[in-house]
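Biologist: Please take a close look at the salt bridges of this model, and at the strands that carry some of them. Add the neighbouring topics of helix and pocket afterwards.

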Amino acid sequence: MHFIILEEVDSTNSYVSRHSGELSDGTMVVAMTQTAGRGQRGNSWESAPGENLTATLFHRPTGIEPRRQFAISEAVALAVADYLRDEGIPATVKWPNDIYVGDRKISGILIEHSVTSQAIEHSRIGIGLNVNQEQFESDAPNPVSMMQLTGMRRDISRTAAAVGARLEKKLAMATDPEGREQLHRDLTASLWRGDGKPYRFRRRSDGSVFEGIIVAVDPEGPITIEDTAKGLKETFLFKEVEFIL
């Protein structure tokens, strides 16, 4: 893996998008400061300068059809969760790919694909991991950092290298059917609130709130939740259902 370290950039995903024609496969762009870091659904990603890992991996997948692109999301989420667990932090994966410790968010992942009808041309895999930040100023309800959980400061460059090594391993698994099956089993075992207990959810279509149990996550991405009051199972695509903390 090749690393590019930037002192300041608008966002690493935007940088990689602008330079995709110049970057080699497996290049990770790491920024000490992002002026316009991006998260899912157009949200910003708060990160104090130099305190956290804000990075984007430029990846050219092989052997992955566009309809199976969720395998990349699974690989990335599990790579970050594995790193945290190796550091003694009990991380879980909140569908589709946020990383939680208990009910607190420690990492966000934003994956953008350049896709043709036949193949994924390249992926821009953005990762924000709260490492050393001790105070969060935004109105995000539940951020937490490795420092807050363990009391230890970590070198950002070493953290990037450690996460990068796990990304290489997990993304390699996504290139063959057996590897994808294992990734999916591991994701299911790591799923936040995937313990068979009822939790509150909100349908984004109409804002209705219901209690439900996560039944399954499909290998192609959709999640199935059973509405416990109605006894009915409903399948949701990305952004169609919201977890209520």
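Modeller: What follows goes through the salt bridges, then a hairpin, a helix and a pocket. The model is predicted, and what I say about distances and accessibility is computed from it.

A search of the whole structure finds 16 salt bridges. Side chains of opposite charge can pair when their charged atoms come close. I take three pairs and one network.

Begin with strand β8, residues 199–203. Arginine 202 is in this strand and forms a salt bridge with glutamate 242, with 3.3 Å between the closest N and O atoms. Because glutamate 242 belongs to strand β12 (residues 241–243) and arginine 202 to β8, the pair ties together parts that are 40 residues apart in sequence. Both partners count as partly exposed: glutamate 242 has a relative accessible area of 26%, and arginine 202 has one of 29%.

The next residue to consider is arginine 203, whose salt bridge is with glutamate 234; here the closest N and O atoms are 3.1 Å apart. This pair also links distant parts of the chain, since arginine 203 lies in β8 and glutamate 234 in strand β11 (residues 232–236), 31 residues apart. The two ends of the bridge fall in separate accessibility classes. Arginine 203 has a relative accessible area of 10%; the limit for buried is under 20%, so arginine 203 is buried. Glutamate 234, at 31%, is partly exposed.

Glutamate 234 leads on to the strand pairing. β11 pairs with strand β10 (residues 223–227) in the antiparallel sense, over 5 bridges. Within this pairing, isoleucine 225 stands opposite glutamate 234. The two strands form a hairpin with 4 residues between them, and in the turn glycine 231 has a positive phi of about 70°. Glutamate 234 thus has a place in both descriptions: a salt bridge to arginine 203 and a position opposite isoleucine 225.

A further pair is aspartate 10 with arginine 18, whose side chains meet in a salt bridge at 2.9 Å, N to O. Aspartate 10 is partly exposed at 27% relative accessibility, and arginine 18 is partly exposed at 48%. Besides the pairs, there is a network of salt bridges that links Glu65, Arg67, Arg68 and Glu220.

Now the helix. Helix α2 covers residues 70–86, and its 17 residues should span 24 Å at 1.5 Å a residue; the C-alpha atoms at its ends are 24 Å apart, which agrees. Of those 17 residues 14 are buried, so α2 is largely enclosed by the rest of the structure. Glycine 88 follows the helix, and its phi is positive, near 85°.

Last, the pocket. The second largest pocket has a volume of about 150 Å³. It is lined by 14 residues, of which Asp25, His59, Glu168, Leu171 and Ala172 are the closest to its centre. Two elements give two or more residues to this lining, β3 (53–59) and α4 (156–173). The most comes from α4, with 4 residues. By type, the lining divides into 7 nonpolar, 4 polar and 3 charged residues.

Notes: Residues numbered from 1 in each chain as written. Predicted model: local features only at pLDDT ≥ 70, side-chain atom pairs only at ≥ 80, totals over all residues. Heavy atoms only, no water. Expected span 1.5 Å × (residues − 1). Buried < 20%, exposed > 50% of the residue type's maximum accessible area, 1.4 Å probe, protein only. 1 Å grid on protein atoms, 1.4 Å probe; cavity = no way out; pocket = protein on both sides within 12 Å on 5 of 7 lines; lining within 4 Å. Points joined across faces, edges and corners; volume = space filled by probe spheres on them. Nonpolar A, V, L, I, M, F, W, Y, C, P; charged D, E, K, R; others polar. Salt bridge = Lys/Arg side-chain N within 4 Å of Asp/Glu carboxyl O. Pairing = 2+ DSSP bridges.
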